[in-house]
Amino acid sequence: MVAKISHGSNLYGALSYNQQKVDEEKGKILGCNLVLEPADGKFNAYSCAEDFERFMPSHIRTKKPVVHISLNPHPDDKLTDAQLADLGRQYLECLGYSGQPYMIFKHEDIDRQHIHLVTTRVKPDGSLVPDKFEKDRSSRIVAQLETEFNLIPAKGQKQGEAWQLTPVDASAGNLKRQVSGVVKPLADMYRFQSFAEYRALLSLFNINVEKVEGSNKGNKYEGLVYSALDADGKRVGKPLKSSLLGTAVGIASLDKHMKESGQAMKSGKVAEATKSAVSDALKTTRTESQLRDALQKKGIDLVLRRNDAGRIYGATFIDHNSRAVLNGSRLGKEFSANALNERFADNPLREDLHKPVQNIPNAPKETGKQQPSVLGDASEAAGGLFSVLTPDAGGQNDNQPAPRRRKKKKRRYGRQM
C-alpha cells in the first residue's frame, strides 16, 4: 500500500474535490468522525467544512492546517468498503488524528481501489497534532496495516500511481468545477520552480494558464487566468480568473510555492533520479515518440514547446514518481530544448514529424514577447482573497447563498494571570 500525505491551507478545497467525486457517482463516503451526517444522507462540502471548523479555534498559527492523505492498496488487493473504512480509520488513529474531525472517501474513477482522508492538524485547544518524522511513522503504520489486512507490500510499487487525477473533458461540461478539481491538488502535490514548468504540468490535464497584468483605477495588478482546452489544444468555455478557484492557485501562492520547491530541490537528489531515468531512455530511443513511450513507462511525461516553424524551444520533464517538474536545462545541457531539437531534426527515422505534438497553447515565443491578455476588462482579472477556511466561490453551487462567517469568542491559552 502506498500512502501520500499532503498539507495545505484550503479545507473547503480538499472537501470539495472529494465531494465532487461523490456527486458525480465516481466515489462514496465510507466514514467520518465529528462530522454530522445529514438526515437525507447527502453530504455537501460547505456543511462539512462548518463541522470541521467547530473544532478549531478562531485564530490558528499554522499556515497549513489541512491534511489530505491518499491510501492506495496494490491493484490486486481486493477490499470491501467496510475494510477500506477500517483501513483509513486505523491509519489516522495511529498517525495521531483519532480525536480530530475527519472524513474517509473512496474514489471509483479508476480501476485501482484507493481512499482519500481529509482531516486537520489544529486541536480545539490550539495545539497541533505532531508531524515530526511523519513520513517515517507513516511507513511503519503502512507496514503494520499491510500485515493486518494481508495486503501486498508497498515495496516496488510506483509512487506515480498514488494519486491519479482525471484530465478536463471539454465535452462533459461544468468546466469550472473540472478545472478547480485538478489545479488545486496539482499545485499542492507537485514541485516546480517556474511558471513555464507549471504550465507544462497543467497541459497534461487539458488546462492552460496565463499571466495577466494591467491597472485598474490607477492600481496595478498581476494575476492568473485558467482555461480548459479541447482535444486540439484550443481554449473552450469562459476563462477563469484564479480568484474564482481559490488563493492556493493564485499568483502569490504559486510564487511562494516555487521558491519553496527550489529550496527543497537544492540537494539535487530529486533531479538526479529524474536525470538518470531520462538518460537511460535517451540511450535506447531514436525518435520523439519512442522517447515519450520509454519515459511514460518510467512514470515520466515529456512536454515540448514549439514555435510556428516547428522548432523546439522548451522541454519539460514531469516525473510523477517524485512529483517533480523539471525543465530540461535543469537536468543538463544534453537534456535541453536545443539538444532535443537537434536530436530529432537530424534523426532519419523521425516518423512523428507529421503527428500532433504535445504543445502548450499560447506559450511565449522565443522572442520573449508577452502574450496579450485574454481579458478586456481590468476588473475581471482582479480578485479577492479567501481565508484558509472560507469556501472558494468556484466550489459553490450557483443557487447557494453566500456563506456567512460565524463569529467566535477569542480563547486564551496558557496560564492566565
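## Chat about helices, cores and cysteines

User: Before the details, how many helices and strands does the chain have?
Analyst: This is a predicted model, and its chain has 12 helices and 11 strands. Of the 417 residues of the chain, 49% count as buried.

User: And what share of the contacts join residues at least 24 apart?
Analyst: Taking contacts in the chain between residues at least 6 apart in sequence, 68% join residues at least 24 apart.

User: Let's go to the cores. Which residues have the most contacts inside the largest nonpolar core?
Analyst: The largest nonpolar core has 33 residues, and those with the most contacts inside it are V179, V183, Y198, I207 and Y226. At least two residues of this core come from each of α5, α6, β6, β7 and α7, and the largest share, 7 residues, is supplied by α5.

User: What does V183 touch?
Analyst: Not counting residues up to four places away in sequence, V183 touches Y198, L202, I207, Y226, L245 and V249. Apart from the core just described lies another core, of 24 residues, and I69, L92, L95 and I115 are among them.

User: Back to α5, then: how many of its residues are buried?
Analyst: Helix α5 is mostly covered, with 12 of its 15 residues buried. The buried residues in α5 are L175, Q178, V179, S180, G181, V182, V183, K184, P185, L186, A187 and M189.

User: What span should α5 have, at 1.5 Å a residue?
Analyst: The 15 residues of α5 should span 21 Å at 1.5 Å a residue, and the end C-alpha atoms of α5 are 21 Å apart, so the two values agree.

User: How far apart are the end C-alpha atoms of α7?
Analyst: They are 20 Å apart, which agrees with the 20 Å that the 14 residues of helix α7 (residues 251-264) should span at 1.5 Å a residue.

User: Which residues of α7 are buried, and where do they sit around the axis?
Analyst: The buried residues of α7 are I251, L254, H257, M258, S261 and G262. These residues lie on the same side of α7, because they cover an arc of only 140 degrees around the axis. An α-helix has 3.6 residues a turn, so residues three or four places apart point the same way.

User: Which exposed residues are on the face turned away, and what does the buried side pack against?
Analyst: The face of α7 turned away from its buried side carries the exposed residues A252, K259 and Q263, while the buried residues of α7 pack against α5 (175-189), α6 (195-203), β6 (207-216) and β7 (219-229).

User: Changing topic, is N18 buried or exposed?
Analyst: N18 counts as buried, because its relative accessibility is 0%. Its place is in helix α1 (residues 11-23), and the side chain of N18 reaches the backbone oxygen of A14 at 2.8 Å.

User: Which residues is N18 in contact with, leaving aside neighbours within four places in sequence?
Analyst: With those neighbours left aside, N18 is in contact with H68, F105, H107, H116 and V118.

User: Last thing, the cysteines: how many disulfides does a search of the whole structure find?
Analyst: The search finds 0 disulfides. C32 is in no disulfide, and the nearest cysteine sulfur, that of C48, is 7.5 Å away, whereas a disulfide would need the two sulfur atoms within 2.5 Å.

User: How exposed are C32 and C94?
Analyst: C32 counts as partly exposed because its relative accessibility is 28%, and C94 is also partly exposed, with a relative accessible area of 39%.

Note on methods. Residues are numbered from 1 along each chain as its sequence is written. This is a predicted model: local features need pLDDT of at least 70, side-chain atom pairs count only at pLDDT 80 or more; totals for chains, interfaces and linings use all residues. Side-chain values use heavy atoms; hydrogens and water are left out. Buried means under 20% relative accessible area, exposed over 50%, partly exposed in between (1.4 Å probe, protein chains only). Helices (H or I, at least four residues) and strands (E, at least two) are DSSP runs, numbered from the N terminus. The expected span of a helix is 1.5 Å times one less than its number of residues. The arc is that of the directions from the helix axis to the C-beta atoms. Contact means heavy atoms within 4.5 Å. A nonpolar core is a set of buried Ala, Val, Leu, Ile, Met, Phe, Trp, Tyr and Cys residues joined through side-chain atoms within 4.5 Å. A polar contact is a pair of N or O atoms within 3.5 Å; within protein, one must be able to donate a hydrogen and the other to accept it, and residues adjacent in sequence count only if both atoms are side-chain atoms.
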